[in-house]
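Here is a friendly tour of one protein chain, going from a paired strand to the sheets and helices and ending with the chain as a whole. Have the structure open as you read.

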Amino acid sequence: MHANNQTNYGVLLDYFPSMVYNKTMRINKYLSGCGIDSRRKCEKFVVDGRVRVNGKTVTELSTDVKDGDVVEVDGRTVSSATRKVYIMLNKPKGCICSASDEKGRKTVLDLVKVRERIFPVGRLDYDTEGLLLLTNDGELANKLMHPRNMVKKVYAVRVEGEPSDAELRRLRNGIEYNGIKYSPAQVRVLNSENNETKLEITVTEGKNHEIKNMIESLGRRVMFLKRSEIAGIRLGGLSRGEWRYLNAREIDKLKSL
């Protein structure tokens, strides 16, 4: 269900005029600015031969695009003048953070239907729920996902049993699991009941299966996992599967990172 209202949509139309492209830039940055995907994903599009400039397939990441060039992805012309949109989804379990799935599973784009070509900022696992941002602003997506920017992500986690003080210290000091190092996390114990403990865990890296692997390193299982906040933007007022456009204040907050 779409939880947007007409007022928010109008604010976005006024707040973000079409971006004018009048300079030379690298192909991956240009594609990202067109809302194709994050800059890193756009690099793969180029290397895979899916991009043409002025009718010629380009595979070099050093390719520059200048004003007046015609750029195509998978045979479709793209333009940096596309209106930027910024969306919050309360992702339910049982859908994947992808545009399509070869196994036929539901994707987040089955839940969020807009005329612009959008993509998820980062990912949540198939069985993880909560706050997911979607946009066609590749530059902002790149900023939010890059580890060096240390964007805070807050999770509500229910774990098996009751972690000891020593186990909690391990999470707070940073751990290594299966050869992968995880940076120190902020961990707060909320309550314990029925042989489960509810934690609030804040991380800044965004590695694959980060929370699950951190908890498994303690010899425990994650029973429930939900992301509640990204970069100070909190999930609230949306039921599972509902989405809305971010308001101007929230967009300003993300852009000011």
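## Strands, helices and a buried valine

Ala156 stands opposite Lys226 in strand E15. That pair is a good place to enter this predicted model, so to speak, by way of strand E10.

E10 covers residues 153-160, and six of its eight residues are buried. With E15 (residues 222-230), E10 runs antiparallel, and seven bridges join the two. E10 also pairs with strand E14 (residues 196-203), again in the antiparallel sense, over eight bridges. In that pairing, Tyr155 stands opposite Ile201 of E14.

The table gathers three of the strand pairings, with one facing pair of residues for each.

| Strand pair | Sense | Bridges | Facing residues |
|---|---|---|---|
| E10 and E14 | antiparallel | eight bridges | Tyr155 and Ile201 |
| E10 and E15 | antiparallel | seven bridges | Ala156 and Lys226 |
| E5 and E6 | antiparallel | two bridges | Val73 and Arg76 |

The last row leads to another part of the chain. Here four strands form an open sheet, in the order E3-E2-E5-E6, with antiparallel pairing. Strand E3 (56-57) and strand E6 (76-77) stand at the edges with a single partner strand each, so one side of each has no neighbour in the sheet. Strand E5 (residues 71-73) is joined to E6 by two bridges, and Val73 faces Arg76 across that pairing. As a reminder, strands of a sheet pair through backbone hydrogen bonds, either parallel or antiparallel.

Let us stay with E5 for a moment, since Val71 has its place in this strand. Is Val71 buried or exposed? Its relative accessibility is 1%, and because buried means under 20%, Val71 counts as buried. Beyond its neighbours within four places in sequence, Val71 is in contact with ten residues' worth of surroundings that include Ile27, Tyr30 and Leu31, as well as Val51, Arg52 and Val53. Val65, Arg76, Thr77 and Val78 are also in contact with Val71. Take Arg52 from that list: Val71 and Arg52 are 19 residues apart in sequence, while their C-alpha atoms are 5.8 Å apart in space.

Helix H3 (residues 39-47) meets this region too. Its buried residues are Cys42, Phe45 and Val46. Seen down the axis of H3, they fall within an arc of 100°, so they line one face of the helix. What do the buried residues of H3 pack against? Their partners are helix H2 (27-33), strand E2 (51-53) and E5. Just after H3, Gly49 takes a positive phi of about 75°.

Helix H8 (residues 248-255) can be read in a similar way. Ala248, Glu250, Ile251 and Leu254 are its buried residues. They cover an arc of only 160° around the axis, which puts them on the same side of H8. At the start of H8, Asn247 brings a side-chain oxygen to within 3.2 Å of the backbone nitrogen of Arg249.

Finally, step back to the whole chain. Its secondary structure comes to eight helices and 17 strands. Of the 257 residues in the chain, 49% are buried. Among contacts between residues at least 6 apart in sequence, 66% join residues at least 24 apart. The accessible surface of the chain comes to about 13,400 Å², and 46% of that belongs to carbon and sulfur atoms.

Methods. Residues numbered from 1 in each chain as written. Predicted model: local features only at pLDDT ≥ 70, side-chain atom pairs only at ≥ 80, totals over all residues. Heavy atoms only, no water. Buried < 20%, exposed > 50% of the residue type's maximum accessible area, 1.4 Å probe, protein only. Pairing = 2+ DSSP bridges. Arc of directions from axis to C-beta. Polar contact = N/O pair within 3.5 Å; in protein donor to acceptor, adjacent residues only side chain to side chain. Contact = heavy atoms within 4.5 Å. Areas by Shrake-Rupley, 256 points an atom, 1.4 Å probe, with all protein chains shown as cover.
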